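Trainee: I have not looked at this one before. Can you walk me through it?
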Amino acid sequence: MLMAKLKFKKGDQVQVISGKDKGKRGEILRALPSENKVVVAGVAVVKKAQKPTQANQQGGIVEKEAAIDASNVALIDPSTDKPCRCGFKVLEDGTKVRISRQTGTEIK
């Protein structure tokens with residue numbers, strides 16, 4: 001099975017562009033390239049029943065973020081603070097960087 005290339009990395013600021021959490025912004029906590037999904041802080045929060053364990057003595061119902069499809073989020077352009085499409089560019093020294101398609105600025 002061919003591994004998909006995600007345009008998102010852990011720590012990126014993104015905005016949800018479709019689904020029940022449309023319009024929400026957050027930071028990517030985990031990127032799952034094999035499933036083409038990302039986990040965004042504060043988005044797609046689900047309740048899960050947790051059994052008491054050695055590490056978690058309490059147990060009970062916990063809230064955690066579920067993974068959402070990578071196609072439902074857009075990267076935030078740091079120069080305009082708006083969602084943008086992302087592309088790649090190879091610099092003169094051979095390094096590959098992500099750029100905003102709208103403004104052409106580099107995304108860290």
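Mentor: We will go through a pocket, a sheet and one residue, keeping in mind that this is a predicted model.

Trainee: Pocket, then. How much space lies in the largest pocket?
Mentor: The largest pocket holds about 180 Å³ of space. Its lining has 13 residues, and those closest to the centre are Lys5, Leu6, Lys9, Phe88 and Arg98.

Trainee: Which elements give two or more residues to that lining?
Mentor: Strand 10 (96–100) and strand 11 (106–107) do. Strand 10 gives the most, with 3 residues.

Trainee: And how do the lining residues divide into nonpolar, polar and charged?
Mentor: There are 7 charged and 6 nonpolar residues, and no polar ones.

Trainee: Now the sheet. In what order do the strands come?
Mentor: The order is 9-10-11, in an open sheet of 3 strands with antiparallel pairing. Strand 9 (86–90) and strand 11 stand at the edges with a single partner strand each, so each has one side without a neighbour in the sheet.

Trainee: Over how many bridges do strand 9 and strand 10 pair?
Mentor: Those two strands pair over 5 bridges. Within strand 10, Val97 is the residue opposite Lys89.

Trainee: Last one: Ser100. Buried or exposed?
Mentor: Ser100, which lies in strand 10, has a relative accessibility of 1%. Buried means under 20%, so Ser100 counts as buried.

Trainee: What is Ser100 in contact with, leaving aside neighbours within four places in sequence?
Mentor: With that exclusion, Ser100 is in contact with Asp77, Cys84, Arg85, Thr105 and Ile107.

Definitions and conventions. Residues numbered from 1 in each chain as written. Predicted model: local features only at pLDDT ≥ 70, side-chain atom pairs only at ≥ 80, totals over all residues. Heavy atoms only, no water. 1 Å grid on protein atoms, 1.4 Å probe; cavity = no way out; pocket = protein on both sides within 12 Å on 5 of 7 lines; lining within 4 Å. Points joined across faces, edges and corners; volume = space filled by probe spheres on them. Helix = DSSP H or I, 4+ residues; strand = E, 2+ residues; numbered from the N terminus. Nonpolar A, V, L, I, M, F, W, Y, C, P; charged D, E, K, R; others polar. Pairing = 2+ DSSP bridges. Buried < 20%, exposed > 50% of the residue type's maximum accessible area, 1.4 Å probe, protein only. Contact = heavy atoms within 4.5 Å.
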